[in-house]
Amino acid sequence: MLNYREKILESASYLKNRIQSPPTMGLVLGSGLGDLSNAISDRIEIAYNDIPHFPTTTVVGHAGSLLFGKFKDKHVVLMQGRFHYYEGYTMKQVVFPYYVLHQLGVQTMILTNSCGGINKDYTPGDIVVIDDFISLVSNNPLIGENDDLLGPRFPDMTEPYSNRLKSIAKESAQHLKLPYKEGVYGFFSGPYYETRAEIRAFSNMGCDLIGMSTVPETIACNHMGVEVLAFAVVTNMATGIQQKKHDHHHVVKMAKQASEKLTSWLDDLIEKL
């Protein structure tokens, strides 16, 4: 674990020498949601490949870089693409960047993702404020020896997504007259799209959404004491609910269509934070 922390500090040191102002807020852009980066000014972009110990993203629709700059006069950092367990990384590698960003000064993390809808009240294009999660994966980033300097052995998950941030997000949506949904996100390892039987089981468990990201980073952020807010873009209905086969290129296309609405929401929300 000491080696893990040393790597975090080395990555953070590399970045501190290349940015002008430390970020206090981080945003994570899911598949097809990279257009949100257009709103950033005073930009400094650093490729994941150039950062010591960072993994490399391999997924279509993920740019693979950190973008530092200002958004509504706030110093932010955008993760243009995230890492997934299904890419073959360990859970600790998946969440490594979040510990690095926390070392830089990030205290608030806004996560976005593209996912499938299980709740039949949802339709593709809906934006969902994630209220809670169910992990359908037996592994998580806190398994193994705990480093008390990174966070507690048993972090509380009563409020994995900040009630304060959710309240501000809802006020912002009402101000903009933007429709939204709320729901529980189910984390599935992938990379295959779930079977009909699995979706029926997940629905019975209480999942409104199904996706292959977001939960490991939520766990890590709560471990560090970072406030989390998460938005899911429903790009398709889950297996057995929609009557056609899944296509990742369609997922990216639907996410891009929703990104303008989500950008407007984030623009107003971040101003209110």
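**Salt bridges and a cavity in a predicted model**

Student: In this predicted model, which residue does Lys166 meet in a salt bridge?

Tutor: Side chains of opposite charge can pair when their charged atoms come close. For Lys166 the N to O distance in the salt bridge is 2.7 Å, and a salt bridge needs such atoms to lie within 4 Å. The partner that meets Lys166 is Asp131.

Student: How many residues apart in sequence are the parts that this pair ties together?

Tutor: Lys166 belongs to helix α3, which covers residues 163-176, while Asp131 belongs to strand β6, which covers residues 127-135. The pair therefore ties together a helix and a strand, and these parts are separated in sequence by 35 residues.

Student: Is Lys166 buried or exposed?

Tutor: The cut-off to keep in mind is that buried means under 20% relative accessible area. Asp131, with a relative accessible area of 35%, is partly exposed. Lys166 has a relative accessibility of 5%, so Lys166 counts as buried.

Student: Which residue forms a salt bridge with Lys72 at 3.3 Å, and where does that residue lie?

Tutor: Lys72 sits in the loop between β3 (65-71) and β4 (74-80), and the pair links distant parts of the chain, 195 residues apart. The closest N and O atoms of the pair are 3.3 Å apart. The partner lies in helix α6, residues 248-272, and its name is Asp267.

Student: Which residues are joined with Lys72 into one network?

Tutor: Besides its salt bridge with Asp267, Lys72 forms a salt bridge with Glu271, where the closest N and O atoms are 4.0 Å apart. Glu271 is in helix α6, and this pair too links distant parts of the chain, 199 residues apart. Because Lys72 has a relative accessible area of 34%, it is partly exposed, and Glu271, at 49%, is partly exposed as well. Through shared partners, the salt bridges join Lys72 with Asp267 and Glu271.

Student: Which elements give two or more residues to the lining of the second largest cavity?

Tutor: The search of the whole structure finds 2 cavities of 30 Å³ or more, and the second largest holds about 50 Å³ of space. Its lining includes Leu27, Leu29, Thr263 and Leu266. The elements that give two or more residues to this lining are β1 (25-29) and α6.

Student: How many charged residues does the lining of that second largest cavity have?

Tutor: Among the lining residues are Leu36, Ile40, Phe71 and Leu78. Sorted by class, the lining has 7 nonpolar residues and 1 polar residue, and the number of charged residues is none.

Conventions: Residues are numbered from 1 along each chain as its sequence is written. This is a predicted model: local features need pLDDT of at least 70, side-chain atom pairs count only at pLDDT 80 or more; totals for chains, interfaces and linings use all residues. Side-chain values use heavy atoms; hydrogens and water are left out. A salt bridge is a side-chain nitrogen of Lys or Arg within 4 Å of a carboxyl oxygen of Asp or Glu. Helices (H or I, at least four residues) and strands (E, at least two) are DSSP runs, numbered from the N terminus. Buried means under 20% relative accessible area, exposed over 50%, partly exposed in between (1.4 Å probe, protein chains only). On a 1 Å grid over the protein atoms alone, a cavity is a set of points where a 1.4 Å probe fits but cannot get out, and a pocket is an open set with protein on both sides within 12 Å along at least five of seven lines; lining residues have an atom within 4 Å of a point. Grid points are joined across faces, edges and corners, and a volume is the space filled by probe spheres set on the points. Ala, Val, Leu, Ile, Met, Phe, Trp, Tyr, Cys and Pro count as nonpolar, Asp, Glu, Lys and Arg as charged, and the others, Gly among them, as polar.
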